[in-house]
Amino acid sequence: MKNFKKLTAVFLCLALFAALALGSGSSDSGKTKEAKKDKKETADNSSVTVEEQVLYEGNNVKITATGFGEDMFGPELKLNIENNTDQNIVVQTRDASVNGYMVTTLFSVDVAAGKKANESLIFDSASLEECGIDTIASMEFGFAILNGDSYEEIFNTEICTVGTSAADSYTQEYDDSGEVLVDNNGIRIICKGLSESDSFWGPGVLLYIENNSSQDIVVQADNVSVNGYMVDSSMSQDVVVGKKAVTAIQFFDTDLEEKSIDTIESAEFSFHIFNWETFDNILDTEVFSLTF
């Protein structure tokens with residue numbers, strides 16, 4: 001069920017993004033002090049190719065990468081899925097990363113017993129842009145195979161790595177500049193200022209997270225306040241071992257307006273970090289007080 005819930009969260013996130021985009025015409029970008037950062041232009045991955053290859057074969061399920069292209073929502077890895085079991089299944093992705101960054105993907109495929117399906121694993125373009133990814137060199141992800149009727153998890157595959165034609169010529173840069181908030185046992189969290197009002201995240205505190213620990217983690221923000229007022233916020237980021245993430249403690253415009261917050265001058269919050277699989281606590285940080 002964890003993967004089904006993740007997919008639901010993805011669609012909710014996209015709905016929120018669409019709402020932000022529609023409402024951007026009435027927002028006053030001058031009301032919020034924003035972190036200025038150099039952004040690379042959105043990638044043109046039209047020249048990137050992927051060789052046909054079997055990504056998973058077992059338990060009477062076979063998944064093959066057949067090509068690479070562009071979708072309206074972002075670059076897509078084309079897949080062929082064979083379901084040779086006697087039950088309907090749903091195939092979803094998990095733990096997806098591109099060039100070492102955790103990224104948002106769109107993929108959920110229903111395949112009836114004994115049937116095949118051609119679908120695309122889409123890497124959300126806004127997520128890639130926030131990470132500074134202008135060329136996809138490598139992709140890593142696993143598959144979650146769910147019961148097509150109950151959505152109960154049947155099994156998870158191992159993580160597979162897919163290299164593109166750019167793998168040998170492209171080197172991803174990682175921007176870890178900013179104020180170091182956490183540096184503990186391989187886990188680093190760096191504040192990069194306020195996210196821009198027209199960004200994927202909307203108003204919020206932009207963060208760079210690096211997980212060089214020995215366990216997959218989830219980072220969440222607690223006790224969040226802006227200008228001394230407790231506010232509603234959204235931030236829960238998965239980061240598997242050896243990967244990085246760009247995310248934000250996102251505030252909501254309506255909540256800020258209700259509290260008459262026109263300019264974000266300060267923010268306070270703490271982090272709750274726990275093991276992704278066991279939910280065992282790893283670290284509860286002190287409260288961080290930031291001014292902008």
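Is cysteine 191 buried or exposed? At 6% relative accessibility, cysteine 191 is buried. The legends below describe close-up views of a predicted model.

**View 1. Cysteines 160 and 191 in a model with 0 disulfides.** Cysteine 160 is buried, its relative accessible area being 10%. Cysteine 191 is likewise classed as buried, at 6%. The count of disulfides in the structure is 0.

**View 2. The largest nonpolar core, of 39 residues.** The members that touch the most others in this core are Leu55, Leu77, Leu79, Phe123, Met139, Phe141 and Phe143. Another core, apart from this one, has 35 residues, including Val182, Ile189, Val226 and Leu290. In soluble globular proteins, nonpolar side chains tend to be buried together.

**View 3. Surroundings of leucine 77.** With neighbours within four places in sequence left out, the contacts of leucine 77 include Val50, Leu55, Ala65, Gly67 and Phe68. Leucine 77 is also in contact with Glu119, Ser120, Leu121 and Phe123. Met139, Phe141 and Val162 are further contacts of leucine 77.

**View 4. An open sheet of 5 strands.** The strand order is β1-β2-β3-β8-β6, and the pairing is antiparallel. At the edges stand β1 (53–58) and β6 (105–106), each with a single partner strand, so one side of each has no neighbour in the sheet. Within the sheet, strand β3 (residues 74–83) pairs with strand β8 (residues 116–123) in the antiparallel sense, over 7 bridges. Leucine 79 stands opposite glutamate 119 in β8. Leu79 is also one of the residues that touch the most other members of the 39-residue core.

**View 5. Salt bridge between lysine 243 and glutamate 140.** The closest N and O atoms of the pair are 3.2 Å apart. This salt bridge links distant parts of the chain, 103 residues apart. Lysine 243 is in the loop between β18 (236–239) and β19 (244–251), whereas glutamate 140 is in strand β9 (residues 138–147). Lysine 243 is buried at 11% relative accessibility, while glutamate 140 is partly exposed at 21%. The structure holds 6 salt bridges.

**View 6. Salt bridge between lysine 192 and aspartate 175.** Here the closest N and O atoms are 3.4 Å apart. Lysine 192 belongs to strand β13 (residues 187–194) and aspartate 175 to the loop between β11 (160–163) and β12 (179–184), so the pair ties together parts that are 17 residues apart in sequence. Aspartate 175 is partly exposed, with a relative accessible area of 42%.

**View 7. Salt bridge between arginine 188 and aspartate 176.** The closest N and O atoms of arginine 188 and aspartate 176 are 3.4 Å apart. Because arginine 188 lies in strand β13 and aspartate 176 in the loop between β11 and β12, the pair ties together parts that are 12 residues apart in sequence. Arginine 188 is buried, with a relative accessible area of 18%, whereas aspartate 176 is partly exposed at 34%. A network of salt bridges links Asp176, Arg188 and Glu210.

**View 8. Residues 1–42, where pLDDT stays under 50.** For residues 1–42 the model has 63 contacts beyond four places in sequence. Over the protein chain the average pLDDT is 87, and 83% of the residues score at least 70.

Note on methods: Residues are numbered from 1 along each chain as its sequence is written. This is a predicted model: local features need pLDDT of at least 70, side-chain atom pairs count only at pLDDT 80 or more; totals for chains, interfaces and linings use all residues. Side-chain values use heavy atoms; hydrogens and water are left out. A nonpolar core is a set of buried Ala, Val, Leu, Ile, Met, Phe, Trp, Tyr and Cys residues joined through side-chain atoms within 4.5 Å. Buried means under 20% relative accessible area, exposed over 50%, partly exposed in between (1.4 Å probe, protein chains only). Contact means heavy atoms within 4.5 Å. A disulfide is a pair of cysteine sulfur atoms within 2.5 Å. A salt bridge is a side-chain nitrogen of Lys or Arg within 4 Å of a carboxyl oxygen of Asp or Glu. Helices (H or I, at least four residues) and strands (E, at least two) are DSSP runs, numbered from the N terminus. pLDDT is the predictor's confidence in each residue, from 0 to 100. Two strands pair if DSSP finds at least two bridges between them.
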